Amino acid sequence: MKVTEHIARAKDTLISFEVLPPLKGKGIEALYKHLDPLMEFKPAFINVTYHRSEHVFKKRPDGSFEKVIIRKRPGTEAICAAIMNRYNVDTVPHLICGGFSVQETEDALLTLSYLGIDNVLVLRGDPPKNETVFEPEPNGHRYALDLLRQVVNLNAGIYLEEELKDATKTSFCIGVAGYPEKHHEAPNMETDLHFLKKKVDEGADYIVTQMFFDNRKFYSFVEKCRSMGITVPIIPGLKPVTSKKQLTVLPKTFHIDIPPELSREILKCKTDEEVERIGEEWLLEQSLDLKKNGVPVLHYYTLGKPKVIARVMKRLL
Ligand code: FAD
């Protein structure tokens, strides 16, 4: 079922989780072990992230280096199908522009459609780890908006091969990303929101946000979106802080702020177990407040910390 159908039918705030495909070599059992304890909370859907290839340098016996391309977390489409099969739950694969040609994207979309997957979250992706500027593939998309247009076209039966007549239409519900604290490359919030609105005007069915730790930033973002005529559901993305290291890693990686009330408490902690308890309380307070304010879905980035999320769910639901 589509994310928007889940939202339309819901009587209360829904729950959703986000997971990463397993690292190559780890097998799918580790992912099941991660998800098993979360399924009792009946998520409406589960997102699975998408990962581009990376360049790594391997040392040859003669001491020189060889540049090789590896994809550490392949298989998003198959992981979605496996999750659906095991748990009978809807999935939302992420699709990115970075590292993929338009033809590869079309093939991925068709695979998803054959697997009975009704949703996609379309994203641009970040530059590879050792590069600072995003560059599209020679025959790839530059912005999430361009990828969105490809999905909208496929939903209308328009494939890349124009000579395909009466081609089957796909029927994807399309999500896009939004940034309550602004996307770091955007010159200002106004410009970022202008492009977000363009994604919605051209067919996005809902928005899911980057993580944030101050609900006021989310409410202000929603208010700005609504005032410029964005009417689609806006789903808050949430994550617990579980280690002291994250005080610097999260702002650096995701370009978000940790509120002083939270960072002060974390700095007082002597161990990461103490940080985890603070992070859990903070996430619960955020969730309760968002639920009280009627958000359609609480979307949790579970990455490596399913136990914390499970404890928050037990106290929230
Ligand atoms: P876009 O919407 O393309 O925006 C990128 C930048 O360009 C913004 O600054 C925007 O203001 C600007 N812009 C947009 N359109 C235009 C235009 N037409 N002309 C000029 N400027 C424009 N990354 C992954 O690699 N895999 C994932 O699975 C993944 N999942 C994510 C899930 C969520 C909920 C979020 C919030 C992010 C996720 N990301 C993921 C990270 C995401 O790929 C990065 O944040 C990326 O830098 C931007 O993606 P976007 O889709 O928001 O890009």
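In this predicted model, the side chain of T302 has a polar atom 2.9 Å from the backbone oxygen of E18. T302 sits in the loop between β10 and α11. With a relative accessible area of 0%, T302 is buried, because buried here means under 20%. Apart from its neighbours within four places in sequence, T302 is in contact with F17, E18, V19, H34, L38 and I309.

One of these contacts, I309, leads into helix α11, which runs over residues 306-316. The buried residues of this helix are P306, V308, I309, A310, V312, M313 and L316. Their cover includes two strands, β1 (14-19) and β10 (297-301), and two helices, α2 (29-35) and α10 (272-292).

From this corner the view can widen to the whole chain. The chain holds eleven helices and ten strands. Its radius of gyration is 20 Å, close to the 20 Å that the globule rule gives for 317 residues, so the chain is as compact as a globular protein of that length. Taken along the principal axes, the box filled by the C-alpha atoms is roughly 60 × 60 × 45 Å. Of the 317 residues, 50% are buried. The contacts with a separation of 6 or more can be sorted by distance along the chain: residues 24 or more positions apart account for 75% of them. The accessible surface of the chain comes to about 16000 Å², and carbon and sulfur atoms hold 52% of that surface.

The model also contains a ligand, with 23 residues around it. Those that come nearest are Y50, D126, Y179, D192 and K199. By type, the shell around the ligand divides into twelve nonpolar, six polar and five charged residues. Backbone atoms also lie beside the oxygen atoms of the ligand. A polar backbone atom of R124 is 2.9 Å from a ligand oxygen, and for G125 the corresponding distance is 2.8 Å. At A186, a backbone N or O atom lies 3.4 Å from an oxygen atom of the ligand. On its own the ligand has 970 Å² of accessible area, and the protein covers 86% of this. Several elements give two or more residues to the shell: the strands β5 (90-96), β6 (119-123) and β8 (206-211), and the helix α6 (189-201).

Helix α7 covers residues 215-227, and two of its residues can be taken in turn. C225 is found in this helix. Its relative accessible area is 0%, so C225 is buried. Leaving aside neighbours within four places in sequence, C225 is in contact with L193, L196, I230 and I234. Another cysteine, C97, is 128 residues away from C225 along the chain, and the C-alpha atoms of the two are separated by 24 Å.

R226 also lies in α7. Its relative accessibility is 37%, so R226 counts as partly exposed. Beyond its neighbours within four places in sequence, R226 is in contact with T231, V232, P233 and I234. With V232 there is a polar approach: a polar atom of the R226 side chain lies 2.8 Å from the backbone oxygen of V232. I234 appears among the contacts of R226 and among those of C225.

Two loop residues remain, and both are picked out by their backbone angles. K182 is found in the loop between β7 (173-178) and α6. Its phi is near 80°, a positive value in a residue other than glycine. At 22% relative accessibility, K182 counts as partly exposed. H255 lies in the loop between α8 (246-254) and α9 (260-268). H255 is not a glycine, yet it has a positive phi of about 60°. With a relative accessible area of 34%, H255 is partly exposed.

Conventions
Residues numbered from 1 in each chain as written. Predicted model: local features only at pLDDT ≥ 70, side-chain atom pairs only at ≥ 80, totals over all residues. Heavy atoms only, no water. Near = heavy atom within 4 Å. Polar contact = N/O pair within 3.5 Å; in protein donor to acceptor, adjacent residues only side chain to side chain. Areas by Shrake-Rupley, 256 points an atom, 1.4 Å probe, with all protein chains shown as cover. Helix = DSSP H or I, 4+ residues; strand = E, 2+ residues; numbered from the N terminus. Nonpolar A, V, L, I, M, F, W, Y, C, P; charged D, E, K, R; others polar. Rg over C-alpha atoms; globule rule 2.2 N^0.38 Å. Buried < 20%, exposed > 50% of the residue type's maximum accessible area, 1.4 Å probe, protein only. Contact = heavy atoms within 4.5 Å.
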